[in-house]
Each structure stands twice: as C-alpha cells, then as structure tokens.
Amino acid sequence: IVHLILPQGGAARYRLASERLEAWLRDGVMAQERDASLYLYRQTFNGADGRHHVRTGFLGLLRLEPAGGSVRHHEQTLAKPLEDRLRLIRATRTQLSPIFVIYSDPAGNALRGIEARSTREKPGPRAVAGAMYGRRASELTPGMIQEFNDDDGVRHWMQAISDEGAIGEARKMLADQPVVIADGHHRYESALAYRDARRSAGAEDAEHVLAFLCSLEDPGLSIFPIHRLVHDLPALDAVALRARLAELFSVTPF
C-alpha cells in the first residue's frame with residue numbers, strides 16, 4: 001500500500017500510483033467489498049508499560065464538513081503536504097489511508113452491535129503468522145477474518161460487518177456525536193478540498209472520508225506523541241527550555 005500512498009517517480013508519481021491501483025484492481029490484488037460494510041478492527045500491541053493492549057474500533061465513512069462543526073480539529077496544516085494529498089486523491093479518486101478519530105461512548109453502544117455480529121472473539125495476546133499473506137483480495141470471502149503481524153510486532157485483526165441492523169445502530173449512536181481528529185488533519189482537509197471541487201463540477205461523489213473510529217473509553221486506546229526537533233532558535237538555552245517545559249508538561253530526562 002506504501003507504493004500507492006507514498007509513490008516514487010518524481011513528477012509522474014501520482015499518475016504511476018493511479019496506474020498501479022488500476023492494475024491491482026484489474027488483477028484481483030484488491031477488490032471492492034460486495035456489500036456495504038463497517039470493518040471491526042483490533043490491534044494487539046505492547047504498550048509503554050510492557051503489557052499487551054488491544055485497541056478496538058471500526059472503519060467506516062465519515063461525512064465531510066468544514067472545521068468548526070461536529071468534526072473537531074486541533075492541528076494547523078501545511079500547504080505542501082496538503083497539496084501532495086490532494087494531487088494523490090485527484091489522480092486515484094480513492095481514499096487510500098484512513099484518518100483516526102475518537103468519540104465518547106461510555107456505554108459502548110456504537111460498537112456493541114458490530115461486535116455481536118462478529119463470528120469470532122477478539123484475538124489473544126499471542127501473535128501468529130499472517131493469514132492474509134499470499135492471498136489476493138478476489139480469494140477472500142465476505143465476512144472472512146483477516147489478520148497479520150506487521151514488522152513492529154503489532155497484530156492486526158479485521159472483519160467486514162455487513163449486517164444492516166448493526167450498521168444502523170452505530171449510525172444512530174454517532175449521528176449527533178462530535179468526533180475529534182486524533183491523526184489525519186492533512187488527509188481530512190485534502191478530502192474536503194476534493195469534495196468541494198467535485199461539487200463545483202456538479203458531482204456529489206466525494207462526500208465522505210475513510211476513518212477509523214475509536215471510543216475514548218476503549219481500554220486499549222493509546223495515542224503516542226510525535227517527536228519533533230526544534231533547532232535554529234536564537235539564544236536557545238537547554239536549562240531555560242527544560243524549566244519552561246516543566247511548567248506545562250511532565251518532563252522525563254533520558
């Protein structure tokens with residue numbers, strides 16, 4: 001998938017990504033789901049405490065709307081990555097990577113119906129060899145469980161849930177619920193810009209963005225910080241910087 005999300009090839013990279021996607025669809029490497037579905041998705045990973053954690057949520061489409069509505073933003077975006085994401089969407093006409101949003105649901109109502117339709121309990125902490133490797137999408141049957149381990153030791157488990165009742169329950173629960181973008185501000189804004197361009201052309205075929213939705217109350221919810229380097233600031237003093245940071249953050253020396 002990295003060959004599509006971060007294509008190589010200089011100025012032609014967006015066209016090459018589109019051609020590769022079309023070839024994969026033509027050859028059965030990827031295939032469109034037969035039925036409208038939400039995807040129950042679990043990740044088993046080791047947390048900072050060294051213990052196994054299971055984060056559970058689901059993948060679906062989130063209706064796009066400008067900032068300030070029920071989709072809450074907390075990051076400023078940059079012009080260069082926005083343009084990159086927008087050019088990729090224009091070329092492929094596909095949502096290639098989900099954004100990550102969180103919502104509050106103490107009772108777990110949104111996920112309850114989806115989990116009830118799953119044909120298997122959640123995975124245990126022991127990771128196993130990937131069941132998906134070597135299979136083409138055309139070989140997967142509806143509702144088949146897909147699981148594999150990535151190179152970081154995270155176990156991914158996913159199942160398409162097409163039951164209309166379960167989908168309806170989740171939609172009803174989240175209809176008036178605000179969500180917060182935990183990760184994916186550039187993907188969201190580029191999808192919104194593409195939607196507006198399509199509307200200007202008289203089409204309404206890009207009204208949603210692919211999203212992974214996770215409850216704030218999920219016991220496995222973990223969002224780790226992005227580490228950035230600050231440099232070239234005049235009169236930057238390490239002692240003074242640590243003192244100021246300690247007023248706002250919990251600082252741990254290494």
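This is a short talk about helix α3 and the two helices it packs against, α2 and α6.

Okay, one thing up front: what we're looking at is a predicted model.

Let's start with α3, residues 79-92, and α6, residues 185-200. Their axes come within 9 Å and cross at roughly 55 degrees, so the two helices are oblique to each other. The crossing is right-handed. Who's touching whom? On the α3 side you've got P81, L82, R85, L86, I89 and R90, and across from them in α6 there's H186, R187, E189, S190, A191, A193 and Y194. Sort those by class and you get seven nonpolar, two polar and four charged.

Now for the other partner, α2, which is residues 13-27. Here the axes sit 8 Å apart, at an angle of about 40 degrees. That makes α2 and α3 oblique, because the oblique class begins where roughly parallel stops, and that needs under 35 degrees. This crossing is right-handed too. From α2, the residues in contact are R13, Y14, A17, S18 and L21, and they meet D84, R87, L88, A91 and T92 in α3. That contact comes out as five nonpolar, two polar and three charged.

Let me zoom in on T92 from that list, which lies in α3. Is T92 buried or exposed? Buried: its relative accessibility is 4%, and the cut-off is under 20%. Setting aside neighbours within four places in sequence, T92 is in contact with A17, S18 and L21, and those three are in the α2 set I just read out. And where does the T92 side chain reach? To the backbone oxygen of L88, at 2.8 Å.

Notes. Residues are numbered from 1 along each chain as its sequence is written. This is a predicted model: local features need pLDDT of at least 70, side-chain atom pairs count only at pLDDT 80 or more; totals for chains, interfaces and linings use all residues. Side-chain values use heavy atoms; hydrogens and water are left out. Axes are lines fitted to C-alpha atoms, for helices over the stretch in contact, and angles run from 0 to 180 degrees between N-to-C directions. Helices (H or I, at least four residues) and strands (E, at least two) are DSSP runs, numbered from the N terminus. Angles under 35 degrees count as roughly parallel, over 145 as roughly antiparallel, 65 to 115 as roughly perpendicular and the rest as oblique. A crossing is left-handed if the near helix is turned anticlockwise from the far one by less than a right angle, and right-handed if clockwise. Contact means heavy atoms within 4.5 Å. Ala, Val, Leu, Ile, Met, Phe, Trp, Tyr, Cys and Pro count as nonpolar, Asp, Glu, Lys and Arg as charged, and the others, Gly among them, as polar. Buried means under 20% relative accessible area, exposed over 50%, partly exposed in between (1.4 Å probe, protein chains only). A polar contact is a pair of N or O atoms within 3.5 Å; within protein, one must be able to donate a hydrogen and the other to accept it, and residues adjacent in sequence count only if both atoms are side-chain atoms.
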